[in-house]
Number of protein chains: 2
Amino acid sequence: MLYSIGEMAKLLSLPASTLRYYDQEGLLPGLTRSPGGTRMFTETDYKALMVIDCLKQSGLSIKEIKAFMELAAGGDETIGDRLALFRGRKAALEAQIEELQETLALLSYKCWYYETAQAAGTEDAVQNLPPDQVPEAHRAAMARLEVRRLAEEEAGK
Amino acid sequence: MLYSIGEMAKLLSLPASTLRYYDQEGLLPGLTRSPGGTRMFTETDYKALMVIDCLKQSGLSIKEIKAFMELAAGGDETIGDRLALFRGRKAALEAQIEELQETLALLSYKCWYYETAQAAGTEDAVQNLPPDQVPEAHRAAMARLEVRRLAEEEAGK
DNA sequence: ACTTGACTTAAAGTTCACTTTAACTGTTAC
DNA sequence: GTAACAGTTAAAGTGAACTTTAAGTCAAGT
């Protein structure tokens with residue numbers, strides 16, 4: 001089964017111009033052309049594009065993805081390099097997700113904060129709430145807003 | 001406690017130029033200046049900058065964050081709007097994290113793939129592996145690489 | 001007073017990942 | 001065959017988020 005650039009663009013829900021750009025940047029070394037010069041995408045190209053998206057989401061730049069694609073074109077000799085790359089990306093993404101979980105906790109705290117403020121009709125009510133009335137679940141997020149971090153406890157300035 | 005732009009930059013581990021840029025873009029409406037014109041950052045500004053980072057991580061642009069900061073400057077009347085914004089950001093980030101979990105699953109599959117290929121000395125060995133020898137945990141990720149999605153099952157072309 | 005380092009501004013420059021344009025050519029349906 | 005549509009290229013343009021530059025001012029220590 002072969003796909004035109006328009007068909008492939010629909011399958012991936014992205015503009016055809018992006019596929020041309022990726023091709024131009026060397027992200028699709030295996031891509032073939034019809035006698036007339038039209039790009040013909042195969043299922044293998046589809047898989048490559050899914051992996052490209054995956055690497056992109058993991059934080060790689062287009063140039064870095066190109067380097068990986070060249071590795072992949074290098075065959076079995078580069079299996080070790082590619083394994084190392086995926087292990088690195090996996091670790092990076094795990095770290096990234098952890099960071100986003102902390103961000104999420106802060107957003108949850110802010111939702112609680114504004115829900116409480118809304119119920120009271122004013123923000124002051126939440127600001128003046130004794131700390132022990134803040135739900136346990138939000139304490140850590142709340143603490144992240146405090147300065148401290150990095151400053152090694154200077155004596156009262 | 002007051003901080004110079006350099007001190008605040010260190011606390012946040014970002015360049016002072018970024019803080020000037022944020023100020024210029026209107027992200028710090030409460031920021032005051034010394035008689036000589038030097039920016040003086042308070043703990044409130046620190047908190048605001050933590051929230052800015054949080055909103056940025058949740059996918060908001062600088063312009064959108066500015067709009068929020070203006071809302072916040074509007075006082076108690078805008079509590080409802082701000083609550084709605086944080087709820088929206090929370091939902092968006094939750095969706096984003098789910099997506100990254102899927103990406104992570106694909107990376108895990110790729111790690112397994114290359115570990116197996118490395119053990120066999122060639123990629124072909126993994127390619128030719130009967131599907132039931134692929135660990136259950138990786139089946140879904142593997143399936144995501146297949147075309148199908150969106151195509152409504154055309155009769156054998 | 002003077003040096004040094006950190007601050008100030010406006011404006012221009014950078015990087016990234018596309019996106020658009022213009023002029024043209026290939027492909028498909030009638 | 002021809003219209004209309006989908007494809008092609010090289011090159012220029014876009015928008016976001018900074019970053020750098022240049023020229024100058026402020027603040028702290030000696």
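Is B:Lys47 buried, exposed or partly exposed? In this predicted model, B:Lys47 counts as partly exposed, because its relative accessibility is 33%, between the 20% limit for buried and the 50% limit for exposed.

**View 1. Surroundings of B:Lys47 in helix H3 of chain B.** Helix H3 spans residues 43-57 of chain B and includes B:Lys47. With residues up to four places away in sequence left out of account, B:Lys47 touches A:Leu145 and A:Glu146. B:Ala92 stands 45 residues from B:Lys47 in sequence, and the C-alpha to C-alpha separation of B:Lys47 and B:Ala92 is 22 Å.

**View 2. Protein residues around DNA strand D.** The strand has 18 residues around it, of which A:Ser4, A:Gly6, A:Arg20, A:Arg39 and B:Thr18 come nearest. Sorted by class, the surface near DNA strand D comprises nine polar, five nonpolar and four charged residues. Sugar or phosphate accounts for 82% of the atoms of DNA strand D that lie within 4 Å of the protein, and bases supply the rest. H2(B) provides the largest share of the surface near the strand, namely four residues.

**View 3. Polar atoms beside phosphate oxygens of DNA strand D.** In chain A, a polar side-chain atom of A:Arg39 is placed 2.7 Å from a phosphate oxygen of the strand. A polar side-chain atom of A:Ser4 is found 2.8 Å from a phosphate oxygen of DNA strand D. From chain B, a polar backbone atom of B:Ile62 lies 3.2 Å from a phosphate oxygen of the strand. Two elements give two or more residues to the surface near DNA strand D: helix H1 (5-12) of chain A and helix H2 (16-24) of chain B.

**View 4. A:Ser13 in the loop between H1 and H2 of chain A.** The loop that holds A:Ser13 is followed by helix H2 (16-24) of chain A. The phi angle of A:Ser13 is near 55 degrees, a positive value in a residue other than glycine. Most residues other than glycine have a negative phi. A:Ser13 counts as exposed because its relative accessibility is 61%, over the 50% limit.

**View 5. B:Ser13 in the loop between H1 and H2 of chain B.** Helix H1 (5-12) of chain B lies on one side of this loop and H2 on the other. Although B:Ser13 is not a glycine, its phi is positive, at about 55 degrees. The relative accessible area of B:Ser13 is 62%, so this residue is exposed.

How values were computed. Residues are numbered from 1 along each chain as its sequence is written. Chains are lettered from A and ligands numbered from 1 in the order in which they are written. This is a predicted model: local features need pLDDT of at least 70, side-chain atom pairs count only at pLDDT 80 or more; totals for chains, interfaces and linings use all residues. Side-chain values use heavy atoms; hydrogens and water are left out. A residue is near a molecule or strand if one of its heavy atoms lies within 4 Å of it. A polar contact is a pair of N or O atoms within 3.5 Å; within protein, one must be able to donate a hydrogen and the other to accept it, and residues adjacent in sequence count only if both atoms are side-chain atoms. Ala, Val, Leu, Ile, Met, Phe, Trp, Tyr, Cys and Pro count as nonpolar, Asp, Glu, Lys and Arg as charged, and the others, Gly among them, as polar. Buried means under 20% relative accessible area, exposed over 50%, partly exposed in between (1.4 Å probe, protein chains only). Contact means heavy atoms within 4.5 Å.
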